[in-house]
Amino acid sequence: MTVVMTDRIEMADDNAQRLDEWFALLERMVPEGIKAEVVEGAVHMVPQRDAHWQIIRRIIHALEDRFGRDINVTTDVRIDFPGFENGFCPDVMKLRDDAERDPERGWRHEDVEFVAEVISRGTGMNDYGPKKAAYAEAEVPVYLIADPYQGRCHVFTDPKGGEYRTESRFDFGERIDLTHTLLDLTLDTATFPRD
């Protein structure tokens, strides 16, 4: 039993070290305005589009309106999630109020309360696939996908056993009721732009 636990710790350390190496390289190579992250060991880079950023801003403003300007929220900041080489940079990530950033490892996925991803062309399969699975495995309580191409949001809640047990869909223009979640807010998507 001890051997298995030691192997898992060594694998996690190796995984984190490889991600550190990837991101050190990406920081030197990727120009400003391009989002880069590692999903299941593969690097994905996409340019930030206006509609993408406008949706991110509206989600952040809704969180700030609900929790205040000192809310512990980030955008495009690396955090390592469960699975093979998953160094994600969520479009919006809300952390617990008492979360503390480790100077060496960064934020811990155990402290994430909410993630929102805005679909970009060419990487939507990550948001609906491996990222959704990793967020569920990490037991992120609320995961929202905003899709400006479909004009729709998907909300995933109630993570258990590595998957979300509840999914809801809302068209842009509808109000998303998240009052039953720890966010306790209603997100108005009336001004979410389509792409």
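Student: By class, how many nonpolar, polar and charged residues are in the lining of the second largest cavity?

Tutor: Keep in mind that this is a predicted model. The residues lining that cavity are Ile59, Ala62, Leu63, Phe114, Leu178, Leu183, Leu185 and Leu187. Sort them by class and you get eight nonpolar, no polar and no charged residues.

Student: Which helix gives the most to the lining of the second largest cavity?

Tutor: The structure has three cavities of 30 Å³ or more, and the second largest holds about 40 Å³ of space. Its lining includes Ile59, Ala62 and Leu63. The top contributor, with three residues, spans residues 50–67: helix H2.

Student: Is strand E7 largely enclosed or open, and how many of its residues are buried?

Tutor: To count as buried, a residue needs under 20% relative accessible area. Strand E7 covers residues 112–118, and it is largely enclosed by the rest of the structure because the buried ones number seven of the seven.

Student: What is the order of strands in the open sheet?

Tutor: Strands of a sheet pair through backbone hydrogen bonds, either parallel or antiparallel. Here E6 and E7 pair in the antiparallel sense over four bridges, while E7 and E8 pair in the parallel sense over five bridges. So the pairing is mixed, and the six strands line up as E3-E6-E7-E8-E9-E10.

Student: Which strands are the edge strands of that sheet?

Tutor: Look for strands that pair on one side only. E3, for instance, is joined to E6 by two bridges, and those two run antiparallel. The edge strands are E3 (73–74) and E10 (163–171).

Student: Which residue in E6 stands opposite valine 73?

Tutor: E6 spans residues 92–95, and E3 spans 73–74. Across from valine 73 sits lysine 94.

Student: And in E8, which residue is the bridge partner of valine 118?

Tutor: E7 also has a partner on the E6 side, where valine 92 is bridged to alanine 116. Strand E8 covers residues 142–147. There, valine 118 is matched with alanine 146.

Student: How many disulfides does the structure hold?

Tutor: A disulfide is a covalent bond between the sulfur atoms of two cysteines. Cysteine 89 is buried, at 5% relative accessible area, and cysteine 153 is buried too, at 1%. A pair would need its sulfur atoms within 2.5 Å, and the number of disulfides in the structure is zero.

Student: Are the rings of phenylalanine 156 and tyrosine 164 stacked, edge-to-face or tilted?

Tutor: A search of the whole structure turns up eight aromatic pairs. In this one the ring centres are 5.9 Å apart and the planes meet at 40 degrees. Under 30 degrees would be stacked and over 60 edge-to-face, so the pair is tilted.

Student: Are phenylalanine 156 and tyrosine 164 buried or exposed?

Tutor: The cut-off for buried is under 20% relative accessible area. Phenylalanine 156 is at 3%, and tyrosine 164 is at 11%. Because both values fall under that cut-off, phenylalanine 156 and tyrosine 164 are buried.

Student: Which residues form the aromatic cluster?

Tutor: Phenylalanine 156 and tyrosine 164 belong to it. Tyr135 is another member, and in helix H4 it is one of the buried residues. The full cluster is Phe81, Phe88, Tyr135, Tyr143, Phe156 and Tyr164.

Student: Just after H4, which residue takes a positive phi?

Tutor: H4 runs over residues 130–137, and its buried residues include Pro130 and Lys131. Just past the helix, a phi of about 60 degrees is found at glutamate 139.

Definitions and conventions: Residues numbered from 1 in each chain as written. Predicted model: local features only at pLDDT ≥ 70, side-chain atom pairs only at ≥ 80, totals over all residues. Heavy atoms only, no water. 1 Å grid on protein atoms, 1.4 Å probe; cavity = no way out; pocket = protein on both sides within 12 Å on 5 of 7 lines; lining within 4 Å. Points joined across faces, edges and corners; volume = space filled by probe spheres on them. Nonpolar A, V, L, I, M, F, W, Y, C, P; charged D, E, K, R; others polar. Buried < 20%, exposed > 50% of the residue type's maximum accessible area, 1.4 Å probe, protein only. Pairing = 2+ DSSP bridges. Phe/Tyr/Trp six-rings, centres within 6.5 Å; stacked < 30°, edge-to-face > 60°.
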